[in-house]
Amino acid sequence: MKDFVAELTWRGMIHDKMPGVEKQLNTEPTAGYIGFDPTADSLHIGNLVQIMTLVHFQRCGHRPIALVGGATGMVGDPSGKSEERNLLDEKTLNHNLNAVKGQLEKFLDFEGENAAEVVNNYDWFKAFHFLDFIRDVGKHISVNYMMAKDSVKKRLESGLSFTEFSYQLVQGYDFYWLWENKNVKLQLGGSDQWGNIVTGTELIRRKSQGEAWAITTPLITKADGSKFGKTESGNVWLDSEKTSPYQFYQYWLNASDEDVVKYIKIFSLKGHDELNAMIAEHEQAPHARVLQKSLAEEITERVHSRADLDLAIKASSILFGKSTTEDLASLDEKTLLQVFEGVPQTSISRSQMETAGNVTDLLSEVTNGIVFSSKGEARRMIKGGGVSVNKQKINSAEQAVDFQLLQGKYLLAQKGKKNYYLVKVD
(Lines give C-alpha, C1' and ligand atoms only; values in the text may rest on other atoms or scores of the structure.)
Protein backbone atom coordinates (compact mmCIF):
# COMPACT_ATOMS: atom_id res chain seq x y z
CA MET A 1 0.00 0.00 0.00
CA LYS A 2 1.03 3.57 -0.67
CA ASP A 3 0.28 6.37 1.79
CA PHE A 4 -3.00 7.72 0.38
CA VAL A 5 -3.14 10.85 2.55
CA ALA A 6 0.44 11.73 1.63
CA GLU A 7 -0.40 11.15 -2.04
CA LEU A 8 -3.43 13.44 -1.90
CA THR A 9 -1.50 16.04 0.08
CA TRP A 10 1.25 16.15 -2.57
CA ARG A 11 -1.40 16.55 -5.25
CA GLY A 12 -3.09 19.43 -3.38
CA MET A 13 -6.25 17.40 -2.84
CA ILE A 14 -6.76 17.52 0.96
CA HIS A 15 -9.13 20.08 2.44
CA ASP A 16 -10.13 18.37 5.68
CA LYS A 17 -9.62 15.00 7.33
CA MET A 18 -10.75 13.33 10.53
CA PRO A 19 -8.10 12.47 13.16
CA GLY A 20 -6.87 8.91 12.95
CA VAL A 21 -7.62 8.39 9.26
CA GLU A 22 -3.93 8.00 8.33
CA LYS A 23 -3.48 5.25 10.91
CA GLN A 24 -6.50 3.38 9.53
CA LEU A 25 -5.38 3.68 5.89
CA ASN A 26 -1.78 2.75 6.63
CA THR A 27 -2.77 -0.27 8.75
CA GLU A 28 -4.96 -2.21 6.32
CA PRO A 29 -6.55 -2.00 2.87
CA THR A 30 -9.72 0.00 3.42
CA ALA A 31 -12.99 0.37 1.53
CA GLY A 32 -13.98 3.97 0.86
CA TYR A 33 -16.74 5.60 -1.15
CA ILE A 34 -17.84 8.77 -2.88
CA GLY A 35 -21.41 9.61 -3.84
CA PHE A 36 -22.35 10.91 -7.29
CA ASP A 37 -25.64 12.71 -7.87
CA PRO A 38 -27.47 11.56 -11.04
CA THR A 39 -29.08 14.92 -11.84
CA ALA A 40 -27.94 14.61 -15.48
CA ASP A 41 -27.17 11.73 -17.83
CA SER A 42 -23.49 12.62 -17.83
CA LEU A 43 -20.87 13.66 -15.32
CA HIS A 44 -18.86 16.80 -16.05
CA ILE A 45 -15.27 17.71 -15.34
CA GLY A 46 -16.29 19.23 -12.01
CA ASN A 47 -16.94 15.60 -10.96
CA LEU A 48 -13.50 14.56 -12.19
CA VAL A 49 -11.86 15.67 -8.95
CA GLN A 50 -13.91 13.08 -7.06
CA ILE A 51 -13.41 10.43 -9.74
CA MET A 52 -9.64 10.97 -9.58
CA THR A 53 -9.80 10.79 -5.78
CA LEU A 54 -11.21 7.26 -6.15
CA VAL A 55 -8.60 6.44 -8.82
CA HIS A 56 -5.73 7.53 -6.54
CA PHE A 57 -7.39 5.68 -3.64
CA GLN A 58 -7.42 2.44 -5.63
CA ARG A 59 -3.85 2.94 -6.86
CA CYS A 60 -2.76 3.23 -3.22
CA GLY A 61 -4.11 -0.27 -2.56
CA HIS A 62 -7.60 0.45 -1.21
CA ARG A 63 -11.06 -0.56 -2.46
CA PRO A 64 -13.09 2.23 -4.09
CA ILE A 65 -16.88 2.27 -4.16
CA ALA A 66 -18.79 4.75 -6.31
CA LEU A 67 -22.29 5.33 -5.00
CA VAL A 68 -24.72 6.59 -7.62
CA GLY A 69 -27.59 8.19 -5.72
CA GLY A 70 -30.80 6.76 -7.09
CA ALA A 71 -32.45 7.53 -3.74
CA THR A 72 -30.66 10.73 -2.75
CA GLY A 73 -31.22 12.01 -6.28
CA MET A 74 -34.92 11.95 -5.50
CA VAL A 75 -34.41 14.19 -2.46
CA GLY A 76 -31.88 16.83 -3.53
CA ASP A 77 -28.76 17.93 -1.67
CA PRO A 78 -29.02 21.52 -0.31
CA SER A 79 -25.22 21.81 0.02
CA GLY A 80 -24.01 24.74 -2.06
CA LYS A 81 -27.51 25.43 -3.41
CA SER A 82 -29.31 28.74 -3.00
CA GLU A 83 -32.78 27.43 -3.78
CA GLU A 84 -34.85 24.26 -3.97
CA ARG A 85 -34.21 22.33 -7.14
CA ASN A 86 -36.70 20.49 -9.33
CA LEU A 87 -36.84 16.79 -8.50
CA LEU A 88 -36.53 14.22 -11.29
CA ASP A 89 -38.96 11.41 -11.97
CA GLU A 90 -37.90 7.79 -11.53
CA LYS A 91 -37.60 7.06 -15.27
CA THR A 92 -35.25 10.01 -15.83
CA LEU A 93 -33.21 9.10 -12.76
CA ASN A 94 -32.76 5.51 -13.94
CA HIS A 95 -31.62 6.72 -17.37
CA ASN A 96 -29.12 9.06 -15.71
CA LEU A 97 -27.92 6.34 -13.34
CA ASN A 98 -27.03 3.97 -16.17
CA ALA A 99 -25.18 6.70 -18.09
CA VAL A 100 -23.19 7.84 -15.05
CA LYS A 101 -22.33 4.26 -14.10
CA GLY A 102 -20.91 3.66 -17.59
CA GLN A 103 -18.68 6.73 -17.30
CA LEU A 104 -17.34 5.73 -13.88
CA GLU A 105 -16.42 2.31 -15.23
CA LYS A 106 -13.91 3.96 -17.61
CA PHE A 107 -11.73 5.09 -14.73
CA LEU A 108 -11.74 2.35 -12.11
CA ASP A 109 -10.44 -1.22 -12.17
CA PHE A 110 -13.25 -3.70 -11.46
CA GLU A 111 -11.02 -6.75 -11.14
CA GLY A 112 -8.43 -7.89 -8.59
CA GLU A 113 -8.12 -7.81 -4.82
CA ASN A 114 -9.24 -4.20 -4.44
CA ALA A 115 -11.79 -4.28 -7.27
CA ALA A 116 -13.99 -1.21 -7.57
CA GLU A 117 -17.75 -1.43 -7.22
CA VAL A 118 -20.65 0.80 -8.25
CA VAL A 119 -23.67 0.75 -5.93
CA ASN A 120 -27.07 2.46 -6.03
CA ASN A 121 -28.54 3.60 -2.71
CA TYR A 122 -32.05 3.09 -4.06
CA ASP A 123 -31.39 -0.64 -3.60
CA TRP A 124 -31.47 -0.29 0.21
CA PHE A 125 -33.90 2.61 0.45
CA LYS A 126 -36.68 1.27 -1.79
CA ALA A 127 -38.07 -1.01 0.94
CA PHE A 128 -37.22 1.27 3.87
CA HIS A 129 -40.56 2.59 5.18
CA PHE A 130 -40.81 6.15 6.44
CA LEU A 131 -41.81 5.23 10.00
CA ASP A 132 -38.95 2.73 10.21
CA PHE A 133 -36.54 5.38 8.97
CA ILE A 134 -37.48 8.08 11.47
CA ARG A 135 -37.45 5.49 14.29
CA ASP A 136 -34.21 3.65 13.39
CA VAL A 137 -32.23 6.59 11.97
CA GLY A 138 -33.87 9.87 12.97
CA LYS A 139 -33.79 9.22 16.71
CA HIS A 140 -29.98 9.05 16.71
CA ILE A 141 -29.38 12.54 15.25
CA SER A 142 -30.78 15.61 17.03
CA VAL A 143 -32.40 18.55 15.24
CA ASN A 144 -29.86 20.83 16.93
CA TYR A 145 -27.05 18.80 15.36
CA MET A 146 -28.66 19.03 11.91
CA MET A 147 -29.42 22.77 12.23
CA ALA A 148 -25.76 23.50 12.98
CA LYS A 149 -24.67 22.36 9.50
CA ASP A 150 -23.68 25.14 7.09
CA SER A 151 -25.77 23.59 4.29
CA VAL A 152 -28.85 24.10 6.50
CA LYS A 153 -27.97 27.45 8.12
CA LYS A 154 -27.32 29.13 4.77
CA ARG A 155 -30.75 28.18 3.50
CA LEU A 156 -32.92 29.03 6.50
CA GLU A 157 -33.59 32.61 5.37
CA SER A 158 -34.43 31.73 1.76
CA GLY A 159 -36.38 28.63 2.76
CA LEU A 160 -35.54 24.96 3.14
CA SER A 161 -38.08 22.19 2.69
CA PHE A 162 -38.24 19.19 5.02
CA THR A 163 -37.23 17.12 1.96
CA GLU A 164 -33.87 18.87 1.64
CA PHE A 165 -33.48 19.22 5.42
CA SER A 166 -33.66 15.42 5.68
CA TYR A 167 -30.96 14.92 3.02
CA GLN A 168 -28.10 14.69 5.50
CA LEU A 169 -29.91 11.88 7.34
CA VAL A 170 -30.37 9.98 4.08
CA GLN A 171 -26.71 10.42 3.12
CA GLY A 172 -25.67 9.59 6.67
CA TYR A 173 -27.60 6.32 6.46
CA ASP A 174 -25.82 5.52 3.18
CA PHE A 175 -22.52 5.58 5.06
CA TYR A 176 -24.01 3.48 7.86
CA TRP A 177 -25.40 0.89 5.43
CA LEU A 178 -22.09 0.62 3.55
CA TRP A 179 -20.18 0.41 6.84
CA GLU A 180 -22.42 -2.41 8.05
CA ASN A 181 -22.81 -4.33 4.78
CA LYS A 182 -19.59 -3.66 2.83
CA ASN A 183 -17.12 -2.80 5.58
CA VAL A 184 -16.73 0.75 4.26
CA LYS A 185 -14.81 2.84 6.79
CA LEU A 186 -14.11 6.01 4.82
CA GLN A 187 -16.25 8.50 2.92
CA LEU A 188 -14.60 11.00 0.58
CA GLY A 189 -16.12 14.04 -1.08
CA GLY A 190 -15.85 17.72 -1.86
CA SER A 191 -15.39 20.26 0.92
CA ASP A 192 -19.08 21.21 0.71
CA GLN A 193 -19.94 17.62 1.76
CA TRP A 194 -18.14 17.69 5.11
CA GLY A 195 -21.34 18.21 7.13
CA ASN A 196 -23.18 15.38 5.38
CA ILE A 197 -20.20 13.02 5.70
CA VAL A 198 -19.64 13.55 9.43
CA THR A 199 -23.36 12.98 9.99
CA GLY A 200 -22.66 9.48 8.66
CA THR A 201 -19.71 8.94 10.99
CA GLU A 202 -21.84 10.18 13.89
CA LEU A 203 -24.68 7.82 12.98
CA ILE A 204 -22.25 4.89 12.84
CA ARG A 205 -20.90 5.85 16.28
CA ARG A 206 -24.28 6.42 17.93
CA LYS A 207 -26.19 3.55 16.34
CA SER A 208 -23.53 0.82 16.51
CA GLN A 209 -20.60 2.28 18.48
CA GLY A 210 -18.56 1.91 15.28
CA GLU A 211 -15.71 3.97 13.93
CA ALA A 212 -15.48 5.59 10.51
CA TRP A 213 -13.57 8.45 8.90
CA ALA A 214 -13.90 11.32 6.44
CA ILE A 215 -11.63 13.12 3.99
CA THR A 216 -12.70 16.04 1.80
CA THR A 217 -11.03 17.69 -1.18
CA PRO A 218 -10.88 21.44 -1.80
CA LEU A 219 -13.09 23.27 -4.25
CA ILE A 220 -11.08 23.69 -7.45
CA THR A 221 -11.00 27.30 -8.60
CA LYS A 222 -9.40 29.05 -11.57
CA ALA A 223 -6.82 31.78 -11.21
CA ASP A 224 -9.06 34.34 -12.94
CA GLY A 225 -11.88 33.70 -10.47
CA SER A 226 -14.15 31.86 -12.92
CA LYS A 227 -15.57 28.46 -12.07
CA PHE A 228 -13.54 25.38 -12.95
CA GLY A 229 -15.28 23.17 -15.51
CA LYS A 230 -17.42 25.97 -16.95
CA THR A 231 -17.19 27.70 -20.31
CA GLU A 232 -19.34 30.36 -21.94
CA SER A 233 -21.58 27.59 -23.28
CA GLY A 234 -21.87 25.83 -19.89
CA ASN A 235 -20.45 22.66 -18.34
CA VAL A 236 -17.65 20.64 -19.92
CA TRP A 237 -19.25 17.18 -19.97
CA LEU A 238 -17.69 13.73 -20.16
CA ASP A 239 -20.32 12.69 -22.72
CA SER A 240 -19.05 13.28 -26.27
CA GLU A 241 -22.56 14.23 -27.42
CA LYS A 242 -22.70 17.09 -24.93
CA THR A 243 -19.05 18.18 -25.21
CA SER A 244 -17.14 16.89 -28.22
CA PRO A 245 -13.65 15.41 -27.78
CA TYR A 246 -12.31 18.46 -29.67
CA GLN A 247 -13.96 20.92 -27.23
CA PHE A 248 -12.89 18.76 -24.29
CA TYR A 249 -9.28 18.71 -25.51
CA GLN A 250 -9.33 22.47 -26.09
CA TYR A 251 -10.52 23.16 -22.54
CA TRP A 252 -7.40 21.58 -21.07
CA LEU A 253 -5.11 22.92 -23.80
CA ASN A 254 -6.25 26.47 -23.00
CA ALA A 255 -5.64 26.20 -19.25
CA SER A 256 -3.66 29.12 -17.87
CA ASP A 257 -0.01 28.64 -16.94
CA GLU A 258 -0.91 29.13 -13.28
CA ASP A 259 -3.88 26.72 -13.26
CA VAL A 260 -2.26 23.91 -15.22
CA VAL A 261 0.36 23.20 -12.51
CA LYS A 262 -2.50 22.54 -10.09
CA TYR A 263 -4.55 20.56 -12.64
CA ILE A 264 -1.81 18.18 -13.74
CA LYS A 265 -1.15 17.06 -10.16
CA ILE A 266 -4.82 16.28 -9.66
CA PHE A 267 -5.77 14.76 -12.99
CA SER A 268 -2.62 13.04 -14.27
CA LEU A 269 -1.60 9.52 -13.35
CA LYS A 270 2.08 10.24 -13.98
CA GLY A 271 4.46 9.73 -11.07
CA HIS A 272 5.87 12.46 -8.84
CA ASP A 273 9.33 12.53 -10.41
CA GLU A 274 8.00 12.81 -13.95
CA LEU A 275 5.49 15.50 -12.98
CA ASN A 276 8.10 17.49 -11.04
CA ALA A 277 10.41 17.40 -14.08
CA MET A 278 7.60 18.56 -16.36
CA ILE A 279 6.61 21.35 -13.97
CA ALA A 280 10.23 22.54 -13.84
CA GLU A 281 10.37 22.52 -17.65
CA HIS A 282 7.08 24.43 -17.77
CA GLU A 283 8.39 27.10 -15.37
CA GLN A 284 11.50 27.56 -17.53
CA ALA A 285 9.56 27.78 -20.82
CA PRO A 286 5.82 28.34 -20.22
CA HIS A 287 5.34 29.36 -23.87
CA ALA A 288 6.03 25.74 -24.91
CA ARG A 289 2.84 24.71 -23.04
CA VAL A 290 4.33 21.35 -22.09
CA LEU A 291 1.92 20.79 -19.22
CA GLN A 292 -1.19 21.85 -21.16
CA LYS A 293 -0.40 19.51 -24.05
CA SER A 294 0.45 16.58 -21.81
CA LEU A 295 -2.66 16.96 -19.64
CA ALA A 296 -4.99 17.54 -22.60
CA GLU A 297 -3.71 14.41 -24.31
CA GLU A 298 -3.78 12.17 -21.24
CA ILE A 299 -7.22 13.11 -20.02
CA THR A 300 -8.90 13.25 -23.44
CA GLU A 301 -7.70 9.74 -24.24
CA ARG A 302 -8.87 8.44 -20.87
CA VAL A 303 -12.34 10.01 -21.06
CA HIS A 304 -12.87 9.35 -24.78
CA SER A 305 -10.43 7.24 -26.83
CA ARG A 306 -7.11 7.37 -28.67
CA ALA A 307 -8.95 7.86 -31.96
CA ASP A 308 -10.91 10.80 -30.49
CA LEU A 309 -7.67 12.32 -29.19
CA ASP A 310 -5.99 11.99 -32.60
CA LEU A 311 -8.95 13.75 -34.23
CA ALA A 312 -8.89 16.50 -31.59
CA ILE A 313 -5.15 17.08 -32.15
CA LYS A 314 -5.66 17.11 -35.90
CA ALA A 315 -8.57 19.55 -35.62
CA SER A 316 -6.57 21.82 -33.30
CA SER A 317 -3.60 21.92 -35.69
CA ILE A 318 -5.80 23.14 -38.55
CA LEU A 319 -6.15 26.60 -37.07
CA PHE A 320 -2.38 27.04 -37.00
CA GLY A 321 -1.72 26.04 -40.58
CA LYS A 322 0.02 22.77 -39.74
CA SER A 323 -2.42 20.58 -41.60
CA THR A 324 -3.33 19.25 -45.03
CA THR A 325 -6.42 19.09 -47.17
CA GLU A 326 -6.76 15.45 -46.12
CA ASP A 327 -6.72 16.46 -42.43
CA LEU A 328 -9.45 18.99 -43.06
CA ALA A 329 -11.56 16.55 -45.07
CA SER A 330 -11.32 13.95 -42.29
CA LEU A 331 -13.23 16.13 -39.81
CA ASP A 332 -16.88 15.30 -39.27
CA GLU A 333 -19.33 18.16 -39.70
CA LYS A 334 -19.81 18.74 -35.96
CA THR A 335 -16.07 19.06 -35.32
CA LEU A 336 -15.56 21.21 -38.42
CA LEU A 337 -18.18 23.69 -37.23
CA GLN A 338 -16.72 23.71 -33.71
CA VAL A 339 -13.19 24.37 -34.97
CA PHE A 340 -14.40 27.33 -37.01
CA GLU A 341 -17.04 28.58 -34.62
CA GLY A 342 -16.91 32.37 -34.62
CA VAL A 343 -15.21 32.83 -38.01
CA PRO A 344 -17.13 34.85 -40.65
CA GLN A 345 -19.61 32.65 -42.51
CA THR A 346 -21.90 32.97 -45.49
CA SER A 347 -24.09 30.75 -47.64
CA ILE A 348 -24.27 30.43 -51.42
CA SER A 349 -26.21 28.14 -53.74
CA ARG A 350 -24.69 25.29 -55.70
CA SER A 351 -25.60 27.03 -58.94
CA GLN A 352 -23.73 30.16 -57.85
CA MET A 353 -20.63 28.10 -57.17
CA GLU A 354 -20.90 26.16 -60.43
CA THR A 355 -21.33 29.32 -62.54
CA ALA A 356 -18.53 31.30 -60.86
CA GLY A 357 -16.02 32.13 -63.61
CA ASN A 358 -12.96 31.50 -61.44
CA VAL A 359 -11.74 31.49 -57.84
CA THR A 360 -11.41 35.30 -57.86
CA ASP A 361 -15.11 35.69 -58.65
CA LEU A 362 -15.98 33.09 -56.03
CA LEU A 363 -14.04 34.74 -53.22
CA SER A 364 -15.28 38.26 -53.93
CA GLU A 365 -18.65 38.76 -55.64
CA VAL A 366 -20.18 35.28 -55.27
CA THR A 367 -19.49 35.04 -51.53
CA ASN A 368 -20.97 38.50 -50.92
CA GLY A 369 -17.61 40.14 -50.24
CA ILE A 370 -17.06 38.17 -47.05
CA VAL A 371 -13.52 37.12 -48.04
CA PHE A 372 -12.51 39.93 -50.40
CA SER A 373 -14.33 43.18 -50.96
CA SER A 374 -13.15 43.40 -54.59
CA LYS A 375 -11.67 41.30 -57.37
CA GLY A 376 -8.57 43.50 -57.36
CA GLU A 377 -7.87 42.77 -53.69
CA ALA A 378 -8.36 39.04 -54.33
CA ARG A 379 -5.97 39.02 -57.31
CA ARG A 380 -3.25 40.88 -55.40
CA MET A 381 -3.34 38.51 -52.44
CA ILE A 382 -3.50 35.41 -54.64
CA LYS A 383 -0.46 36.69 -56.53
CA GLY A 384 1.34 37.10 -53.20
CA GLY A 385 0.63 33.48 -52.28
CA GLY A 386 -1.60 34.30 -49.31
CA VAL A 387 -4.86 32.58 -50.28
CA SER A 388 -6.01 28.97 -49.95
CA VAL A 389 -9.27 27.07 -50.25
CA ASN A 390 -9.69 23.86 -48.24
CA LYS A 391 -5.99 24.13 -47.34
CA GLN A 392 -4.96 24.13 -51.02
CA LYS A 393 -2.91 27.18 -51.97
CA ILE A 394 -4.39 29.16 -54.85
CA ASN A 395 -1.65 29.84 -57.41
CA SER A 396 -3.67 31.61 -60.08
CA ALA A 397 -6.40 34.24 -59.96
CA GLU A 398 -8.01 32.43 -62.92
CA GLN A 399 -8.09 29.01 -61.26
CA ALA A 400 -11.30 27.09 -61.90
CA VAL A 401 -13.83 26.49 -59.16
CA ASP A 402 -13.57 22.71 -58.90
CA PHE A 403 -13.07 22.26 -55.16
CA GLN A 404 -14.30 19.16 -53.34
CA LEU A 405 -16.82 20.31 -50.75
CA LEU A 406 -16.08 19.41 -47.12
CA GLN A 407 -18.81 17.13 -45.80
CA GLY A 408 -20.50 17.72 -49.14
CA LYS A 409 -21.47 21.29 -48.29
CA TYR A 410 -18.62 23.52 -47.05
CA LEU A 411 -15.66 25.46 -48.43
CA LEU A 412 -12.99 26.88 -46.15
CA ALA A 413 -11.24 29.98 -47.46
CA GLN A 414 -8.08 31.28 -45.80
CA LYS A 415 -6.54 34.71 -46.24
CA GLY A 416 -3.10 35.10 -44.74
CA LYS A 417 -2.11 32.92 -41.79
CA LYS A 418 -5.00 33.48 -39.41
CA ASN A 419 -8.05 34.72 -41.31
CA TYR A 420 -10.60 31.99 -42.05
CA TYR A 421 -13.99 32.12 -43.77
CA LEU A 422 -16.53 29.32 -43.94
CA VAL A 423 -18.81 29.13 -46.96
CA LYS A 424 -21.84 26.85 -46.85
CA VAL A 425 -23.00 25.64 -50.23
CA ASP A 426 -26.73 24.83 -50.16
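Which residue takes a positive phi in the hairpin of β12 and β13? In this predicted model, the answer is Gly416, with a phi near 75 degrees. The hairpin has three residues between its two strands, and that turn is a handy place to start the tour.

On one side of the turn sits β12, covering residues 410-415; on the other is β13, covering residues 419-425. The two strands pair in the antiparallel sense, with six bridges between them. If you want a pair to click on, try Leu411, which stands opposite Val423 in β13.

β13 has another partner too. Strand β9, residues 345-348, runs parallel to β13, and four bridges join them. Here you can pick out Ile348, whose bridge partner in β13 is Val425. With β12 paired to it in the antiparallel sense and β9 in the parallel sense, how much of β13 is covered or left open? Mostly it's covered: five of the seven residues in β13 are buried.

Now zoom in on Lys424, which has its place in β13. Is it buried or exposed? Neither, quite: Lys424 is partly exposed, because its relative accessible area of 32% falls between the 20% cut-off for buried and the 50% cut-off for exposed.

As for its surroundings, set aside the neighbours within four places in sequence and Lys424 is in contact with Thr346, Ser347 and Ile348, as well as Lys409 and Tyr410. Thr346, Ser347 and Ile348 fall within the β9 range of 345-348, while Tyr410 begins the β12 range of 410-415. One more distance to check in your viewer: Gly408 lies 16 residues from Lys424 in sequence, and their C-alpha atoms are 9.5 Å apart in space.

Conventions: Residues are numbered from 1 along each chain as its sequence is written. This is a predicted model: local features need pLDDT of at least 70, side-chain atom pairs count only at pLDDT 80 or more; totals for chains, interfaces and linings use all residues. Side-chain values use heavy atoms; hydrogens and water are left out. Buried means under 20% relative accessible area, exposed over 50%, partly exposed in between (1.4 Å probe, protein chains only). Two strands pair if DSSP finds at least two bridges between them. Contact means heavy atoms within 4.5 Å.
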